[in-house]
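Please examine the sequence and the three-dimensional view shown below. The paragraphs that follow lead through the structure step by step.

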Amino acid sequence: MNQKLITLLIAILIIALGGTAIFLVSSKESKANTPSSNTQENQLNKEDKKQNETPTNDKKIAVIYFSASGTTKSVASIISQKTNAELIEIVPKEKYTSADLNWNDPNSRTSLECNEASSRPEIASTMNLDDYDVIYLGYPIWWGDVPHIILTFMDTYKLDGKTVIPFCTSGGTGISQSMNTLKNYNQKVHWTEGKRLSTSESEINNWLESLKY
Ligand SMILES: Cc1cc2nc3c(=O)[nH]c(=O)nc-3n(C[C@H](O)[C@H](O)[C@H](O)COP(=O)(O)O)c2cc1C
């Protein structure tokens, strides 16, 4: 091979190597600037998922309560705030006076109502519960059980198929006897085990967190 040919071959080799080097460097740079197709896919999947996720709490909730002297009302309003639910009061047509609430008097209105199985004190308020899926139902314990106005409420409003979660306040009696009364009164309701509550926010919070609504 003559000298000229060798120089030409070396020159071609240098040009070829230089081109490859430039190509490698520029393709590395472009990879660094463009998100890899995998990352892009992950991102899209995440966004897809976000859009398809159903909110955990898409049920319409109401907190319905009867309260003669305000304790159950306080608990009910805390529950409605925490659950973002409508707060609805069962208002008796005839308000209970303190004489009516005297459990030491066997002839007081409440003593007579509680002793008469068929008594159904009238309700003044009206409500439309069609749209609600879940109802928290609150009442004070009277003589170990639900006040009969709660039975009037059950007679008046069709709760079949709804989820109802009772809660009560009391001087110490638990909810179980009133739960049994309610369960037997309408077996078409999806009863969730209820709880006796105090007005303590943390107690109410803990209970609400243990439920899925
Ligand atoms: C007529 C009557 C009967 C009651 N019976 C009981 C009872 O059996 N056990 C109990 O622990 N508390 C009983 N209590 C107390 C109430 O359950 C308690 O004070 C309740 O928190 C009142 O709720 P309110 O303020 O929402 O009406 C009775 C109260 C009244 C007025």
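The shell around the ligand consists of seven nonpolar residues, twelve polar residues and one charged residue. This description rests on a predicted model. Which residues come nearest to the ligand? Of the 20 residues around it, these are S67, S69, T71, T72 and P140. Among the elements of secondary structure, helix α3, which covers residues 71-83, gives the most to this shell, contributing three residues.

The chain as a whole may be considered next. Its secondary structure comprises seven helices and six strands. Followed along the sequence, these elements appear in the pattern α-α-β-α-β-α-β-α-β-α-β-β-α. Of the 213 residues in the chain, 22% are buried. If one takes the contacts between residues at least 6 apart in sequence, 76% of them join residues at least 24 apart.

Helix α3 also takes part in a contact with another helix. How do the axes of α3 and α7 cross? The axes of α3 and helix α7 (residues 201-210) come within 10 Å and cross at roughly 50°. Because an angle that is neither under 35 degrees, nor over 145, nor from 65 to 115 counts as oblique, α3 is oblique to α7. The crossing of these two helices, α3 and α7, is right-handed. On the side of α3, the residues in contact are V75, I78, I79, K82 and T83, and they meet E201, I204, N205 and L208 of α7. Sorted by class, this contact of α3 with α7 has five nonpolar, two polar and two charged residues.

Two residues deserve attention for their backbone angles. N84 is found in the loop between α3 and β2 (86-89). Its phi is near 60°, a positive value in a residue other than glycine. Is N84 buried or exposed? N84 counts as exposed because it has 8 C-beta neighbours inside 10 Å, and a residue with 12 or fewer falls into that class. W143, in turn, lies in the loop between β3 (134-140) and α5. W143 is not a glycine, yet it has a positive phi of about 50°. With 14 other C-beta atoms within 10 Å, W143 is partly exposed.

The last residue to be considered is T156, which is placed in helix α5 (residues 148-156). T156 has 15 other C-beta atoms within 10 Å and is therefore partly exposed. From C-alpha to C-alpha, T156 and T126 are 9.5 Å apart in space, while 30 residues separate them in sequence.

Terms used. Residues numbered from 1 in each chain as written. Predicted model: local features only at pLDDT ≥ 70, side-chain atom pairs only at ≥ 80, totals over all residues. Near = placed C-beta within 6 Å. Helix = DSSP H or I, 4+ residues; strand = E, 2+ residues; numbered from the N terminus. Nonpolar A, V, L, I, M, F, W, Y, C, P; charged D, E, K, R; others polar. Buried ≥ 20, exposed ≤ 12 C-beta atoms within 10 Å, placed from the backbone. Contact = placed C-beta atoms within 7 Å. Axes fitted to C-alpha atoms, helices over the stretch in contact; angles between N-to-C directions. Left-handed = near helix turned anticlockwise from the far one by under 90°.
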